[in-house]
Amino acid sequence: MSSVLIDFVYNPCMCNDSKHLLDAEEVEVVHPVDRERGITLEDFKLIKMHMASYIMRLAQHVKVRQRVGATAITYMRRTYTSKSMTEYEPRLVAPTCLYLASKAEESTFQARLLAFYIRKLYTDDKYRYEIKDILEMEMKILEALNYYLVVFHPYRSLTQLLQDAGMGDRELTQFTWGLVNDTYKMDLILIHPPHLIALACIYITSVHKEKDTVAWLEELRVDMNVVKNISMEILDFYDSLKTNVEEKINLALMKLPIKQG
């Protein structure tokens, strides 16, 4: 067993931030103000998924590490556990969270670069915000987050865990990494310890690619029921994408307030 794996087994705190995790019932709640606008729980999830994709798209253009985008998505999702989309416009919250995450992850860029790419990527006026809007929203998001900016990600030990599981080749690593990326389109990062999300993705890969990891997972002494439940949530999410998601997202976005000014 590698030293990283030993740390993982005997010191789960290195991969965990359990006191800041929430129950699914706390995350999957539509704010009363949003409910009044007709925003359903499905709309709520679709809008957050769309904004997660928007953040990653912006992150690629401003050329920051993938981790910065993942941290930004986590900030966005944390914000909406207490704030409404009516008052915290998602199309402004998304780029602002990326700007804030770039500072927290020491991968900073100028706000005007972000404003430039927003204008370049979207002709729709609903997405077009200026530097002053981003800076004002940044303070509101900091307050919504209670100034807590630490995020632990499944990426942290994924490569080493794959190697320990005998799944360290390029194809399996890329497949599993892609699964982890897709978990940010869901609320899993707010609900489950990141190391269990990583293990769920490894478990899916092992089943899909017919790799036997049973003994290895038993050696970790983790609750396999939890790992399998997370795996099922991920697979259910993929099933949900088989419907006309883009149309549903557009209908959900139409329920947001019309941009003023």
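**Two crossing helices and a pocket**

Let me begin with a pair of helices, α10 and α12, whose crossing is right-handed. Helix α10 covers residues 170–183 and helix α12 covers residues 194–208, and their axes come within 9 Å of each other while crossing at roughly 130°. With that angle, α10 counts as oblique to α12, because it falls neither in the 65 to 115 degree range of roughly perpendicular pairs nor over 145, where pairs count as roughly antiparallel.

I should say early on that this is a predicted model, and that the protein chain has an average pLDDT of 92, with 92% of the residues scoring at least 70. Confidence is highest in helix α6, residues 90–104, at a mean of 98, whereas it is lowest in helix α1, residues 3–10, at 49. Where pLDDT is low, the predicted coordinates should not be read in detail.

Now to the largest pocket, which holds about 490 Å³ of space. It is lined by 22 residues, of which K45, K185, M186, F237 and S240 are the closest to its centre. At least two lining residues come from each of α4 (41–62), α11 (188–191), α14 (224–240) and α15 (245–253), and α4 gives the most, with five. As for chemical character, the lining of this pocket is made up of 10 charged, nine nonpolar and three polar residues.

Definitions and conventions. Residues are numbered from 1 along each chain as its sequence is written. This is a predicted model: local features need pLDDT of at least 70, side-chain atom pairs count only at pLDDT 80 or more; totals for chains, interfaces and linings use all residues. Side-chain values use heavy atoms; hydrogens and water are left out. pLDDT is the predictor's confidence in each residue, from 0 to 100. Helices (H or I, at least four residues) and strands (E, at least two) are DSSP runs, numbered from the N terminus. On a 1 Å grid over the protein atoms alone, a cavity is a set of points where a 1.4 Å probe fits but cannot get out, and a pocket is an open set with protein on both sides within 12 Å along at least five of seven lines; lining residues have an atom within 4 Å of a point. Grid points are joined across faces, edges and corners, and a volume is the space filled by probe spheres set on the points. Ala, Val, Leu, Ile, Met, Phe, Trp, Tyr, Cys and Pro count as nonpolar, Asp, Glu, Lys and Arg as charged, and the others, Gly among them, as polar. Axes are lines fitted to C-alpha atoms, for helices over the stretch in contact, and angles run from 0 to 180 degrees between N-to-C directions. Angles under 35 degrees count as roughly parallel, over 145 as roughly antiparallel, 65 to 115 as roughly perpendicular and the rest as oblique. A crossing is left-handed if the near helix is turned anticlockwise from the far one by less than a right angle, and right-handed if clockwise.
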